Amino acid sequence: MKKIVIFFFLFPLTIFSNILGFWVDPFNALYGFSISQNIEFWNIKALLRYDLPVKWEQGFPLLRPEQLNINFELYSETYSVEYGYFHKKIPFYVSVNPYEKNLNIVWGFTGFYGNYSYFNSDIFDFIFREDMYGFALKYNDYRFFFENSTENILGFEYNGIVVYFDRFGLEIALNINNENMGFYFVPVNGNFGFVLKDNENFLFLNDDEVNFKWKWGEIYVVGGFQKEKRQFSIEFSIW
């Protein structure tokens, strides 16, 4: 009877999903379903995923989305909108981690990233928010920048290597990215971010959280670890 009830709850959802999966969390003794939707039309690319843990109350299942994982990209000739972990267009400043999960909106040479505003051009970059600002000049492959946040920071970047002066003296950081990989690391404050992605598979981590999805044959391994929330599941497609 329970199987029949669950089927009628899930059947309408299959109309809107690319993949309907069943997952098991072996550590927390939980199970449930997932809905994955890969959307690609016009200039929009999106990956949506809902987790639906099964909870029984008075003989009926309750399927309540407890976590929405969304990454999307929208591009045109004049603007782009991205929500996710991988933002290659953010200028480097030591107070800004470009591999947090955030919204990035670009219109021409003007951008908004989380609570930052920035301007990008072939000659200079400028980024600011209420408590900081940074300015950079570009020459060939070099970027010379100045940042005023909790302190004054002066430095330059070349080929992913960042050298700057702060109250601790001479510091070195990394800011490396390409189409499918990004790495950002500032040793002095432990601020880092790393992204590796390939279609539906991705690995994201920074100093606050880890999220990943990995397809192994017909099995998906999905996880997310934050300070106050942990998720790990083994999943396979049923539709």
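**Exercises: salt bridges and a nonpolar patch**

The side chains of K197 and E73 form a salt bridge with an N to O distance of 3.5 Å; the term requires a side-chain nitrogen of Lys or Arg within 4 Å of a carboxyl oxygen of Asp or Glu. The model is predicted: local features need pLDDT of at least 70, side-chain atom pairs count only at pLDDT 80 or more, and totals for chains, interfaces and linings use all residues. Residues are numbered from 1 along each chain as its sequence is written, and side-chain values use heavy atoms, with hydrogens and water left out.

**Exercise 1.** State which parts the pair K197 and E73 ties together.

Step 1. K197 lies in strand β17 (residues 191–198) and E73 in strand β5 (residues 67–75), so the pair joins parts 124 residues apart in sequence. Strands are DSSP runs of E, at least two residues, numbered from the N terminus.

Step 2. K197 is partly exposed at a relative accessible area of 25%, and E73 is partly exposed at 22%. Buried means under 20%, exposed over 50%, and partly exposed in between (1.4 Å probe, protein chains only).

**Exercise 2.** Place D125 in its salt-bridge network.

Step 1. The closest N and O atoms of D125 and K138 are 3.1 Å apart in their salt bridge.

Step 2. D125 lies in strand β10 (residues 124–129) and K138 in strand β11, so this pair ties together parts 13 residues apart in sequence.

Step 3. D125 is buried, with a relative accessible area of 0%, whereas K138 is partly exposed at 26%.

Step 4. The network links D125, K138, R143 and E157.

Note on methods:
Helix = DSSP H or I, 4+ residues; strand = E, 2+ residues; numbered from the N terminus.
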